[in-house]
Amino acid sequence: MANNRTLTMIKPDAIEQGNTGAIIQKITNSGFKIIALKLTKLTTEQAAEFYGIHKGKKFYDELIDFMISGPIIAAILEKKNAVDDFRALIGATVDPAEGTIRNLFASSVTQNAVHGSDSDENANIECAFHFNENEIIDY
Ligand code: GTP
Ligand code: MG
């Protein structure tokens, strides 16, 4: 089922390096509407749940340690074809294309500045992970 929402997280490296404003500017300039937004800090349990699909992989411990190393900003973004368009805007996990958010702001494959949902199904799960319905603003 296609929908028009995706979940992003601005990751601890981007916040630490002062890139939050530039990243949000790129997101809104690219036609995404922010309909929910919060600064939060994941617990180990929350990070493990969010990235549970990667448990057992060689980068898993590094990923969890990184994601709990500082605050993150979670947001729900609305746009037609939101999931695919946002993945295009952030760039690939490895070797993100020129001009993408990860190309501009990632420090490494792990410390890659932003998260984007990878399917409509996961977008729904991830939006509900971070936000209650009453935190989502329809405007
Ligand atoms: P997210 O938007 O954060 O979910 O990234 P992604 O969908 O582009 O990648 P994926 O879900 O496959 O992996 C989740 C996170 O694990 C990535 O964002 C990276 O931080 C990290 N990661 C994935 N693959 C590798 C890898 O091969 N090496 C390392 N060091 N980290 C990886
Ligand atoms: Mg992913």
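Hi everyone, let me start right at the ligand: a polar side-chain atom of His115 sits 2.7 Å from an oxygen atom of ligand 1. Please keep in mind that this is a predicted model, so everything I show is computed from it.

His115 has company. The side chain of Thr93 places an N or O atom 2.5 Å from an oxygen of ligand 1, and for the side chain of His54 the corresponding distance to a ligand oxygen is 3.0 Å. As for cover, ligand 1 has 580 Å² of accessible area on its own, and the protein covers 81% of that.

Which elements give two or more residues to the shell around the ligand? They are α4, residues 60–67, and β4, residues 114–116. In total, 14 residues surround ligand 1, and the closest are Lys11, Tyr51, Thr93, Asn112 and His115. So what is the character of that shell? It divides into 4 nonpolar, 6 polar and 4 charged residues. And if you look at the protein's pockets, the space that ligand 1 takes is the largest one.

Now let's step back to the fold. The protein chain has 7 helices and 4 strands. If you walk along the sequence with me, the order is β-α-α-β-α-α-β-α-α-β-α.

And the overall dimensions? Along the principal axes, the C-alpha atoms fill a box of roughly 40 × 30 × 25 Å. The radius of gyration is 14 Å, and because a compact globule of 139 residues would have a value near 14 Å, the chain agrees with that expectation.

To leave you with one picture: ligand 1 takes the space of the largest pocket, with α4 and β4 each giving two or more residues to its shell, and with His115, Thr93 and His54 each placing a polar side-chain atom by a ligand oxygen. Thanks for listening, and I'm happy to go back to any of these views!

Terms used. Residues numbered from 1 in each chain as written. Chains lettered and ligands numbered in written order. Predicted model: local features only at pLDDT ≥ 70, side-chain atom pairs only at ≥ 80, totals over all residues. Heavy atoms only, no water. Near = heavy atom within 4 Å. Polar contact = N/O pair within 3.5 Å; in protein donor to acceptor, adjacent residues only side chain to side chain. Areas by Shrake-Rupley, 256 points an atom, 1.4 Å probe, with all protein chains shown as cover. 1 Å grid on protein atoms, 1.4 Å probe; cavity = no way out; pocket = protein on both sides within 12 Å on 5 of 7 lines; lining within 4 Å. Sits in = over half its atoms within 2 Å of the grid points. Nonpolar A, V, L, I, M, F, W, Y, C, P; charged D, E, K, R; others polar. Rg over C-alpha atoms; globule rule 2.2 N^0.38 Å.
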